[in-house]
Amino acid sequence: MRFGVAIPSYGAQASGPGIRELLMATEELGYASAWFPDHIAVPRAAAGPGLSPPFFEPLTSCAFGLAITQRIVLGTDILVGPYRHRLLVAAMAATMGHLAGNRLVLGVGIGYLRSEFAVLDAGPYEERASRTEDLLRGLRATPDTTIVLTAPAPVP
């Protein structure tokens with residue numbers, strides 16, 4: 001059995017030095033992985049004490065973590081597919097794979113927060129599953145990335 005750590009990359013605990021220390025401790029303590037959540041712009045009505053700015057972008061956070069660690073796997077928990085262009089994600093994932101070895105795992109999902117979709121102008125909320133499938137098709141051509149599929153979350 002392998003254990004991983006969820007990195008607090010939004011809210012009051014999100015700070016560069018704090019995340020760096022936590023990633024270094026994760027590796028030193030022998031954990032297998034560290035995971036970054038995906039929120040970009042949560043509207044005030046949906047935010048709360050546990051979901052508040054700043055929101056660190058997960059792919060950039062993974063790249064940072066891969067650069068400062070040697071062994072642990074870094075991953076997204078969960079990258080919202082419709083928020084991003086498939087070719088850009090494929091290029092970013094391939095770059096991280098080539099530069100840091102095969103230590104990146106993309107957990108990809110369709111998203112759940114309707115109001116965040118609206119704020120990001122991420123397309124119709126009802127089309128999020130098909131847009132995620134488009135992203136996954138683009139990623140399947142990227143050999144240095146592991147893709148983790150998740151079941152849809154309940155719609156609020």
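A search of the whole of this structure, which is a predicted model, finds four salt bridges, and these make a convenient first selection.

Begin with Arg 84 and Asp 38, whose side chains meet in a salt bridge with an N to O distance of 2.7 Å. Arg 84 lies in the loop between strand 3 and helix 3 and Asp 38 in the loop between strand 2 and helix 2, so the pair ties together parts that are 46 residues apart in sequence. Both of these residues, Arg 84 and Asp 38, are buried. Add Glu 57 to the selection, and you have a network of salt bridges that links Asp 38, Glu 57 and Arg 84.

Stay with Glu 57 for a moment, since one of its side-chain oxygens reaches to within 3.0 Å of the backbone nitrogen of Leu 59 at the start of helix 2. Now select the whole of helix 2, residues 58-68, in which Pro 58, Leu 59, Ser 61, Cys 62, Gly 65, Leu 66 and Ile 68 are buried. The cover over these buried residues includes helix 1, strand 2, strand 3 (73-80), helix 3 (86-100) and strand 4 (104-109).

From strand 2, pick Phe 36, which is buried because its relative accessible area is 0%. Beyond its neighbours within four places in sequence, Phe 36 is in contact with residues including Ile 7, Ile 19, Leu 23, Pro 58, Ser 61, Cys 62 and Leu 74. If you select Phe 56 as well, the C-alpha atoms of Phe 36 and Phe 56 are separated by 8.6 Å, although the two residues are 20 apart along the chain.

Next, go to helix 1 (residues 16-28) and select Thr 26, which counts as buried at 2% relative accessibility. Among its contacts beyond four places in sequence are Val 5, Tyr 31 and Arg 71. Tyr 31 then leads outward, where it forms a nonpolar surface patch with Met 1, Phe 3 and Leu 29, together offering about 530 Å² of accessible area. Leu 29 sits in the loop between helix 1 and strand 2 and is exposed, with a relative accessible area of 66%.

Finish with two further salt bridges. Glu 126 pairs with Arg 114, their closest N and O atoms being 3.1 Å apart; Glu 126 is in the loop between helix 4 (114-120) and helix 5 (128-140), whereas Arg 114 is in helix 4, twelve residues apart. Glu 126 counts as exposed at 61% relative accessibility, while Arg 114 counts as partly exposed at 39%. In the other bridge, Arg 137 meets Asp 134 with closest N and O atoms 2.3 Å apart, and because these residues are three apart in helix 5, about one helical turn separates them.

Methods. Residues numbered from 1 in each chain as written. Predicted model: local features only at pLDDT ≥ 70, side-chain atom pairs only at ≥ 80, totals over all residues. Heavy atoms only, no water. Helix = DSSP H or I, 4+ residues; strand = E, 2+ residues; numbered from the N terminus. Buried < 20%, exposed > 50% of the residue type's maximum accessible area, 1.4 Å probe, protein only. Contact = heavy atoms within 4.5 Å. Patch = residues over 30% accessible without salt bridge, like charges linked within 9 Å, V, L, I, M, F, W, Y side chains within 5 Å. Areas by Shrake-Rupley, 256 points an atom, 1.4 Å probe, with all protein chains shown as cover. Polar contact = N/O pair within 3.5 Å; in protein donor to acceptor, adjacent residues only side chain to side chain.
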